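Trainee: I would like to learn how to read the features of a structure one at a time, with the general idea followed by the case at hand. Could we look at it together?

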Amino acid sequence: MNLYKISQSRNNNWDTYDSAVVVAETAEEARKIVPDFENDGHGEYDNLRDWVEPKYVKIELIGTASDEYVEKLQGRLIVVSSYNAG
């Protein structure tokens with residue numbers, strides 16, 4: 001599995017995510033992850049006011065995750081996220 005930094009600069013109001021580090025097999029899978037810990041990243045974009053549509057997500061490959069690390073995540077896709085609370 002790969003580690004990707006996903007980010008967006010389109011929705012930068014208060015109470016929005018601006019970036020996250022996520023685990024995914026491909027960049028396209030990473031693009032679809034919503035940095036929402038309530039759903040462990042498995043949610044889908046549905047006009048959430050705290051993120052953006054996948055087409056606006058910037059993707060950056062930052063490394064790989066070992067099988068042991070992925071197992072420890074227990075199905076979670078988000079490693080860490082940046083949230084601008086207001």
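Mentor: Let us begin with the salt bridges, keeping in mind that this is a predicted model. The side chains of Lys72 and Glu68 meet in such a bridge, with an N to O distance of 3.6 Å, which falls within the 4 Å cut-off.

Trainee: How many residues apart are Lys72 and Glu68 in helix α2?

Mentor: They are 4 residues apart in that helix, which covers residues 67–73, and therefore about one helical turn separates them. Both Lys72 and Glu68 are exposed.

Trainee: How many salt bridges does the structure hold?

Mentor: There are 2. Besides the pair in α2, Arg31 and Glu28 join their side chains in a salt bridge at 3.4 Å, again taken from N to O. These two residues both belong to helix α1, where a spacing of 3 residues again amounts to about one turn. Glu28 counts as partly exposed, because its relative accessibility is 46%, and the partly exposed class lies between the cut-offs of 20% and 50%.

Trainee: How should I read a nonpolar core, and which residues have the most contacts inside the largest one?

Mentor: The idea is a set of buried nonpolar residues that are joined through their side-chain atoms. In this model the largest such core has 14 residues, and those with the most contacts inside it are Ile6, Val22, Ala30, Ile33 and Trp51. Strands β1 (2–7) and β2 (16–24) each supply at least two residues of this core, and the largest share, 4 residues, comes from β2. Apart from this core lies another one, of 5 residues, among them Val21, Val23, Ala65 and Leu73.

Trainee: If sequence neighbours within four places are left aside, with which residues is Ile33 in contact?

Mentor: With those neighbours set aside, Ile33 is in contact with Ile6, Val22, Val23, Ala24, Gly41, Trp51, Leu77 and Ile78.

Trainee: Ala24 is in that list; is Ala24 buried or exposed?

Mentor: Ala24 counts as buried, because its relative accessibility is 1%, and its place is in strand β2. Beyond its neighbours within four places in sequence, the contacts of Ala24 are Met1, Asn2, Tyr4, Glu29, Ala30 and Ile33.

Trainee: And where is Ser19, which I would like to read in the same way?

Mentor: Ser19 also has its place in strand β2, and it counts as buried because its relative accessibility is 14%. Its side chain makes a polar contact of 2.9 Å with the side chain of Asp18. When neighbours within four places in sequence are left out, Ser19 is in contact with Lys5, Ile6, Ser7, Trp51, Ser81 and Ser82.

Trainee: Backbone angles are another feature I would like to read. Which value does phi of Asp15 take?

Mentor: The point to look for is a positive phi in a residue other than glycine, and Asp15 is such a case, with phi near 60°. Asp15 is found in the loop between β1 and β2, and it counts as partly exposed because its relative accessibility is 22%. Gln74 likewise has a positive phi, of about 50°, although it is not a glycine. Gln74 sits in the loop between α2 and β4 and is exposed, with a relative accessible area of 67%.

Trainee: How should I compare separation along the chain with separation in space, for instance for Arg49 and Tyr17?

Mentor: The two numbers are read side by side: Arg49 and Tyr17 are 32 residues apart in sequence, and their C-alpha atoms are 9.5 Å apart in space. For Ala24 and Gln74, which are 50 residues apart along the chain, the C-alpha separation is 13 Å. Arg49 itself lies in the loop between α1 (27–31) and β3 (58–64), and it counts as exposed because its relative accessibility is 62%. Leaving aside neighbours within four places in sequence, Arg49 is in contact with Asn11, Asp15 and Thr16.

Trainee: Finally, which residues make the nonpolar surface patch?

Mentor: Tyr69, Val79 and Val80 make this patch, which has an area of about 220 Å². Of these, Val79 is found in strand β4 (residues 78–84), and it is partly exposed, with a relative accessible area of 30%.

Notes:
Residues are numbered from 1 along each chain as its sequence is written. This is a predicted model: local features need pLDDT of at least 70, side-chain atom pairs count only at pLDDT 80 or more; totals for chains, interfaces and linings use all residues. Side-chain values use heavy atoms; hydrogens and water are left out. Patches are made of residues with over 30% relative accessible area and no salt bridge: like charges are joined within 9 Å, nonpolar side chains (Val, Leu, Ile, Met, Phe, Trp, Tyr) within 5 Å. Accessible areas come from the Shrake-Rupley method with a 1.4 Å probe; for residues, only the protein chains shown count as cover. Buried means under 20% relative accessible area, exposed over 50%, partly exposed in between (1.4 Å probe, protein chains only). A nonpolar core is a set of buried Ala, Val, Leu, Ile, Met, Phe, Trp, Tyr and Cys residues joined through side-chain atoms within 4.5 Å. Contact means heavy atoms within 4.5 Å. A polar contact is a pair of N or O atoms within 3.5 Å; within protein, one must be able to donate a hydrogen and the other to accept it, and residues adjacent in sequence count only if both atoms are side-chain atoms.
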